[in-house]
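The following exercises are to be worked with the sequence and the coordinates at hand. Each task is followed by a solution in steps.

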Amino acid sequence: QAQLVESGGGLVQPGGSLRLSCAASGIIFRINDMGWYRQAPGKQRELVARITSAGSTNYADSVKGRFTISRDNAKNTVYLQMNNLRPEDTAVYYCNADIRTLFASASISQWGQGTQVTVSS
């Protein structure tokens, strides 16, 4: 079974920037789509951005032009560069990836443990 470990969350002032990282570990055969989701208190988890193994991306309308998702396939890592952060971006951010481990017959959608991002003055 693979694991996803996020890092890079924290407290930042409005207009500031943060970079989240999520590394997959384990005996991995292939990682397909990777993405970031977030969940604010009292709200449902929502898609922030996703990226395919070929590098195609899609974003939630609320973050377009401010957030950039990227990945390093050699390191099994996905990143989320967040610029011009707003208080409404405050949430727990979760990494998600479709991972096929070496002896598995299919990929499984897996989640990281989440990292808190707080945007406040």
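Two strands pair if DSSP finds at least two bridges between them; strands (E, at least two residues) are DSSP runs, numbered from the N terminus. The model is predicted, so that local features need pLDDT of at least 70 and side-chain atom pairs count only at pLDDT 80 or more, whereas totals for chains, interfaces and linings use all residues. Residues are numbered from 1 along each chain as its sequence is written, and side-chain values use heavy atoms, with hydrogens and water left out.

**Exercise 1. Pairing of β4**

Determine in which sense β4 pairs with β5, and over how many bridges.

Solution. Step one: strand β4 (residues 28-39) and strand β5 (residues 46-51) pair in the antiparallel sense over 5 bridges. Step two: within this pairing, Gly35 stands opposite Arg50 in β5. Step three: β4 and β5 form a hairpin with 6 residues between them, and Gly42 in the turn has a positive phi of about 80 degrees. Step four: β4 also pairs with β9, in the antiparallel sense, over 9 bridges. There, the bridge partner of Ile31 is Ile99 in β9.

**Exercise 2. The faces of β7**

State which side chains of β7 are buried and which are not.

Solution. Step one: buried means under 20% relative accessible area, exposed over 50%, and partly exposed in between (1.4 Å probe, protein chains only). Step two: in a regular strand the side chains alternate between the two faces of the sheet. Step three: in β7 (residues 67-72), Phe67, Ile69 and Arg71 point to one face and are buried, while Thr68, Ser70 and Asp72 point to the other and are not. Step four: β7 runs antiparallel to strand β8 (residues 77-82), to which 6 bridges join it; Ser70 has Tyr79 of β8 as its bridge partner.

**Exercise 3. The disulfide**

Identify the residues that form a disulfide and the distance between their sulfur atoms.

Solution. Step one: a disulfide is a pair of cysteine sulfur atoms within 2.5 Å, and the count by this rule comes to 1. Step two: the sulfur atoms of Cys22 and Cys95 are 2.1 Å apart. Step three: this pair links distant parts of the chain, with Cys22 in strand β3 (residues 18-25) and Cys95 in strand β9 (residues 91-101), 73 residues apart. Step four: the link of Cys22 and Cys95 is left-handed, with -80 degrees about the S-S bond, and both residues are buried.

**Exercise 4. Salt bridges at Asp89**

Establish which residues are joined with Asp89 into one network by salt bridges that share partners.

Solution. Step one: a salt bridge is a side-chain nitrogen of Lys or Arg within 4 Å of a carboxyl oxygen of Asp or Glu; the count is 5. Step two: Arg38 and Asp89 meet in a salt bridge at 2.9 Å, N to O. Arg38 lies in strand β4 and Asp89 in the loop between β8 and β9, 51 residues apart. Step three: Arg66 and Asp89 also meet in a salt bridge, at 2.8 Å, N to O. Because Arg66 lies in the loop between β6 (57-59) and β7 and Asp89 in the loop between β8 and β9, the pair ties together parts that are 23 residues apart in sequence. Step four: salt bridges that share partners join Arg38, Glu46, Arg66 and Asp89 into one network. Step five: Asp89 has a relative accessible area of 1% and is therefore buried; Arg66, at 6%, likewise counts as buried.

Methods
Helices (H or I, at least four residues) and strands (E, at least two) are DSSP runs, numbered from the N terminus.
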